[in-house]
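Visitor: I'd like to learn how to read a fold from its model. Could you walk me through it, feature by feature?

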Amino acid sequence: MEILIYTGNQGKIQEFKEILAIPSFKFQYASELNIDTGVEETGSTFVENAIIKARDGARQANMPCIADDSGIMVDCLGGQPGVFSARYAGIGAKNSINIEKLLKDLSDFPPNQRTARFVCCIVYLRSYIDPCPIICLATMEGLITEKPSGQNGFGYDPVFYLPEYQKTAAEIPPSLKHSISHRGKALNKLKNKLTKTLTD
């Protein structure tokens, strides 16, 4: 079975390739099929936006589609940036600019008040009109640092501190990140559900 992976984010694509490997499924990527991944994300939740993306991908490619919506929620900012994580500093803002804005917004908060979590929602639609999507949600808890550190990962990883490892998400190896991250856990949930469909 062929399934479209609806994302143009190279960091996400790499994680999908490394985690979501199922021999019976052939995963196609949006760039390979000239699929436009620029649908407007009008949802107010990660679930709504992931479904919007998956429906758009399934419609364009006329095949099953997997899409995700993810971001970072900071408690003392009322859950911001949330669904606006990728465009926190404006549409098209680079990761470094989004991080700069986040650190500025947190400048008055001490370390113990900078609790945060990464959230990932992965959605699988069998077709554009599928009324019953498979939805997999997962989180990763941590703190926001006062300055970036680390070269691995992408997005807000350099400022997302994991107390149990005493490192940021950008300082841990990919193999560890895949087992503890929001996206890694959500993808593994989806992998298990897709694999189960082969045996039902």
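Visitor: Let's take the sheet. What is the order of the strands, and is the sheet open or closed?

Guide: Strands are DSSP runs of E with at least two residues, helices are runs of H or I with at least four, and both are numbered from the N terminus. Two strands pair if DSSP finds at least two bridges between them. Here you get an open sheet of seven strands in the order β2-β1-β3-β4-β5-β6-β7, with mixed pairing. The edge strands are β2 and β7 (167-168), each pairing on one side only.

Visitor: What can I trust in this model?

Guide: It's a predicted model, where local features need pLDDT of at least 70 and side-chain atom pairs count only at pLDDT 80 or more, while totals for chains, interfaces and linings use all residues. Residues are numbered from 1 along each chain as its sequence is written, and side-chain values use heavy atoms, with hydrogens and water left out.

Visitor: In which sense do β5 and β6 pair?

Guide: Antiparallel: β5 and β6 (residues 160-162) are joined over two bridges. On that seam, Ile144 stands opposite Phe160 of β6.

Visitor: Which strands does α2 lie across?

Guide: For packing, contact means heavy atoms within 4.5 Å. Axes are lines fitted to C-alpha atoms, for helices over the stretch in contact, and angles run from 0 to 180 degrees between N-to-C directions. With that in hand, α2 lies across β1 (2-6), β3, β4 (115-125) and β5, and runs at about 155° to β3.

Visitor: Which residues of α3 are buried?

Guide: Buried means under 20% relative accessible area, exposed over 50%, and partly exposed in between (1.4 Å probe, protein chains only). In α3 the buried ones are Asn98, Ile99, Leu102 and Leu103. They sit on the same side of α3 because they cover an arc of only 130° around the axis, the arc being that of the directions from the helix axis to the C-beta atoms. Glu100 and Lys104 are exposed on the other side of α3. The cover over the buried residues of α3 includes β3 and β5 (134-144).

Visitor: How many residues does the largest nonpolar core have?

Guide: A nonpolar core is a set of buried Ala, Val, Leu, Ile, Met, Phe, Trp, Tyr and Cys residues joined through side-chain atoms within 4.5 Å. The largest one has 21 residues, and Phe16, Leu20, Phe27, Ile66, Ile122 and Leu190 have the most contacts inside it. At least two residues come from each of β1, α1 (10-19), β2, β4, β5 and α5, with α5 giving the most, four residues. A second, separate core of 19 residues includes Leu103, Leu106, Met140 and Ile172.

Visitor: Is His182 buried or exposed?

Guide: Buried, with a relative accessible area of 4%. His182 is part of helix α5 (residues 182-199). Leaving out residues up to four places away in sequence, the contacts of His182 are Ser70, Phe118, Val119, Cys120, Ala138, Thr139 and Met140.

Visitor: And the backbone: where do Asn34 and Asn62 lie?

Guide: Asn34 is in the loop between β2 (26-29) and α2 (46-61), and Asn62 is in the loop between α2 and β3. Asn34 has phi near 55°, a positive value in a residue other than glycine; for Asn62, phi is also near 55°. Asn34 counts as exposed because its relative accessible area is 70%, and Asn62 is exposed at 71%.

Visitor: Which peptide bond is cis?

Guide: Look at the one from Gln80 to Pro81, with omega near -5°. Pro81 lies in the loop between β3 (65-74) and α3 (95-105).
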